[in-house]
Amino acid sequence: MNSRSVVAAVGAAVIVALLTACTPEPQPAPTPTPTSTGFASEADAFAAAEETYRAYVDALNQVDLSDPATFEAVYAWTTGDLNASDKKNFTQWSAEGYEITGEAAVSRVAPVAFVSGRVGEVALEACYDIHEVDVLDRSGASIVSAERPAIQALRILMVESAATPTALTISTIESAQDLSC
């Protein structure tokens, strides 16, 4: 290597060293602070809860007891004891040859509570209109009690879940006799 090449190589090395020395050390990206829930506000949580409950009712309206594949959409919106209860009932009704007719509707939804924590919970009250819904046995006779109210007042509890598009699944649905529908 001639002296001119050595000087050029050393000069290039010095320039690279100087440029590198002037460049600030790369800093790690700031880690986002985790929130206790995935919702920006209570209003967002209640909107997601209503969307979740309406999607569950829509899935119920699509159930065909002769086709167990239609049950899966209902199961996707539930968790815990409610999920187990839905599975047991649909499986039993399917085996009995029952048929569901008519469609249910959600006539009113109201927020009740939003509990932020390790797992967020959202509670709603709803009026569930089932006046068109009937469950028939193999002979076509209704198995629904004549005393069943056409509109049911319900309290619905949901928990956060990464398994649904709304980030919530329904864990409990119970009668809300103190609610006026």
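**Exercise 1. The nonpolar core**

Task: Determine which residues of the largest nonpolar core touch the most other members.

Solution. In this predicted model, the largest nonpolar core holds 36 residues, and Tyr53, Tyr56, Phe90, Tyr128 and Met158 are those that touch the most other members. The next step is to assign the core to elements of secondary structure. Two or more residues are given by each of α2, α3 (72–76), α4 (80–96), β2, β3, β5 and β6. Among these elements, α2 supplies the largest share of the core, namely ten residues.

A further step takes one core member and lists its surroundings. When residues up to four places away in sequence are not counted, Tyr128 touches Tyr53, Val57, Leu60, Ala104, Ala105, Ala150, Ile151, Gln152 and Leu154. Tyr53 thus appears both in this list and among the core residues that touch the most other members.

**Exercise 2. The sheet and the helix across it**

Task: Establish the strand order of the open sheet, and state which strands stand at its edges.

Solution. The starting point is the inventory of elements: the protein chain has four helices and six strands, arranged along the sequence as α-α-α-α-β-β-β-β-β-β. Four strands form an open sheet in the order β2-β3-β5-β6, and their pairing is antiparallel. The edge positions belong to β2 (105–115) and β6; each has a single partner strand, so one side of each is left without a neighbour in the sheet. From one strand to the next, the twist averages 25 degrees.

The pairing of β3 with β5 can then be examined in detail. These two strands pair in the antiparallel sense over nine bridges. One specific bridge joins Glu121 to its partner Val159 in β5. In general terms, the strands of a sheet pair through backbone hydrogen bonds, in either a parallel or an antiparallel manner.

The last step places the helix. α2 lies across β2, β3, β5 and β6, and runs at about 45 degrees to β3. The same helix contributes ten residues to the largest nonpolar core, which is the largest share.

**Exercise 3. Salt bridges**

Task: Find how many salt bridges the model contains, and identify which residues are linked in a network.

Solution. The count comes to three salt bridges. They are taken in turn.

1. The side chains of Arg54 and Glu50 form a salt bridge with an N to O distance of 2.9 Å. Both residues belong to helix α2 (residues 42–61), and because they are four residues apart, about one helical turn separates them. Arg54 is partly exposed, at 32% relative accessibility, and Glu50 is likewise partly exposed, at 28%.

2. Glu125 and Arg155 meet through their side chains at 2.9 Å, N to O. Glu125 lies in strand β3 (residues 121–129) and Arg155 in strand β5 (residues 151–160), so this pair ties together parts that are 30 residues apart in sequence. Glu125 counts as buried because its relative accessibility is 16%, under the 20% cut-off. Arg155, with a relative accessible area of 24%, is partly exposed.

3. Asp178 and Arg155 also meet in a salt bridge, at 2.9 Å, N to O. This pair links distant parts of the chain: Asp178 is in the segment after β6 (168–175), whereas Arg155 is in strand β5, 23 residues away. Asp178 counts as exposed, with 63% relative accessibility.

Arg155 takes part in the bridge to Glu125 and in the bridge to Asp178. Glu125, Arg155 and Asp178 are accordingly linked in a network of salt bridges.

**Exercise 4. A backbone angle and the whole chain**

Task: Locate the element in which Ala167 is found, and state what share of the residues of the protein chain counts as buried.

Solution. Ala167 is not a glycine, yet its phi is positive, at about 70 degrees. The residue is found in the loop between β5 and β6. Its relative accessibility of 28% makes Ala167 partly exposed.

For the chain as a whole, 33% of the 181 residues count as buried. The accessible surface comes to about 11,100 Å², and carbon and sulfur atoms account for 56% of this area. Finally, among contacts with a separation of 6 or more, 61% are between residues 24 or more positions apart.

Technical notes:
Residues numbered from 1 in each chain as written. Predicted model: local features only at pLDDT ≥ 70, side-chain atom pairs only at ≥ 80, totals over all residues. Heavy atoms only, no water. Buried < 20%, exposed > 50% of the residue type's maximum accessible area, 1.4 Å probe, protein only. Contact = heavy atoms within 4.5 Å. Areas by Shrake-Rupley, 256 points an atom, 1.4 Å probe, with all protein chains shown as cover. Salt bridge = Lys/Arg side-chain N within 4 Å of Asp/Glu carboxyl O. Pairing = 2+ DSSP bridges. Axes fitted to C-alpha atoms, helices over the stretch in contact; angles between N-to-C directions. Core = buried A, V, L, I, M, F, W, Y, C linked by side-chain atoms within 4.5 Å.
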